[in-house]
Amino acid sequence: MRLEAIKGRIDSKGGRSEAVIRGTSITAYLVAALARDQGADAVLKDFPSLTRDQVEAP
């Protein structure tokens, strides 16, 4: 169930080489790595166009 919720936030279609956060051009891998290392607040500061919901896994 949790994996399905996360998949709904990711766009991996359209000829992109890496999956991105849906509605952005920011790679999902980058957001996940930064959130793990620095926390969601740091990611939101660096990428103010993202929402907390986009950064945090359910």
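The protein chain holds four helices and two strands. This is a predicted model. Start at the N terminus and follow the elements: they run α-β-β-α-α-α. A helix comes first in that order, then the two strands, then three more helices.

Next, look at what is covered and what is open. The protein chain has 58 residues, and 26% of them count as buried. Its accessible surface comes to about 4200 Å². Carbon and sulfur atoms account for 54% of that surface. Contacts also tell how the chain folds back on itself. Take the contacts with a separation of 6 or more: 27% of them are between residues 24 or more positions apart.

Now go inside. Which residues make up the largest nonpolar core? There are eleven: Ile-10, Ile-21, Ile-26, Ala-28, Val-31, Leu-34, Ala-40, Val-43, Leu-44, Leu-50 and Val-55. Helix 2, residues 28–38, supplies at least two of them, and so does helix 3, residues 40–46. Pick out Val-31 from this core. Set aside its neighbours within four places in sequence, and Val-31 is in contact with Ile-21, Ile-26, Val-43, Leu-50 and Val-55. Each of these five partners also appears in the core list.

Then turn to the charged side chains. Side chains of opposite charge can pair when their charged atoms come close. How many salt bridges does the model have? The count comes to three.

One of them links the side chains of Arg-36 and Asp-37, at 3.6 Å from N to O. Both of these residues are exposed.

Another joins Arg-52 and Asp-41, with 2.4 Å from N to O. Arg-52 lies in helix 4, residues 52–55, while Asp-41 lies in helix 3, so this pair ties together parts that are eleven residues apart in sequence. Are the two partners buried or exposed? Arg-52 has 37% relative accessibility, so it counts as partly exposed. Asp-41 has 54%, so it counts as exposed. The cut-off for exposed is over 50%.

The remaining bridge pairs Glu-56 with Arg-52, at 3.1 Å from N to O. Glu-56 is partly exposed, at 37% relative accessibility. Arg-52 thus takes part in a bridge with Asp-41 and in one with Glu-56. Through such shared partners, Asp-41, Arg-52 and Glu-56 are joined into one network.

Note on methods. Residues are numbered from 1 along each chain as its sequence is written. This is a predicted model: local features need pLDDT of at least 70, side-chain atom pairs count only at pLDDT 80 or more; totals for chains, interfaces and linings use all residues. Side-chain values use heavy atoms; hydrogens and water are left out. Buried means under 20% relative accessible area, exposed over 50%, partly exposed in between (1.4 Å probe, protein chains only). Contact means heavy atoms within 4.5 Å. Accessible areas come from the Shrake-Rupley method with a 1.4 Å probe; for residues, only the protein chains shown count as cover. A nonpolar core is a set of buried Ala, Val, Leu, Ile, Met, Phe, Trp, Tyr and Cys residues joined through side-chain atoms within 4.5 Å. A salt bridge is a side-chain nitrogen of Lys or Arg within 4 Å of a carboxyl oxygen of Asp or Glu.
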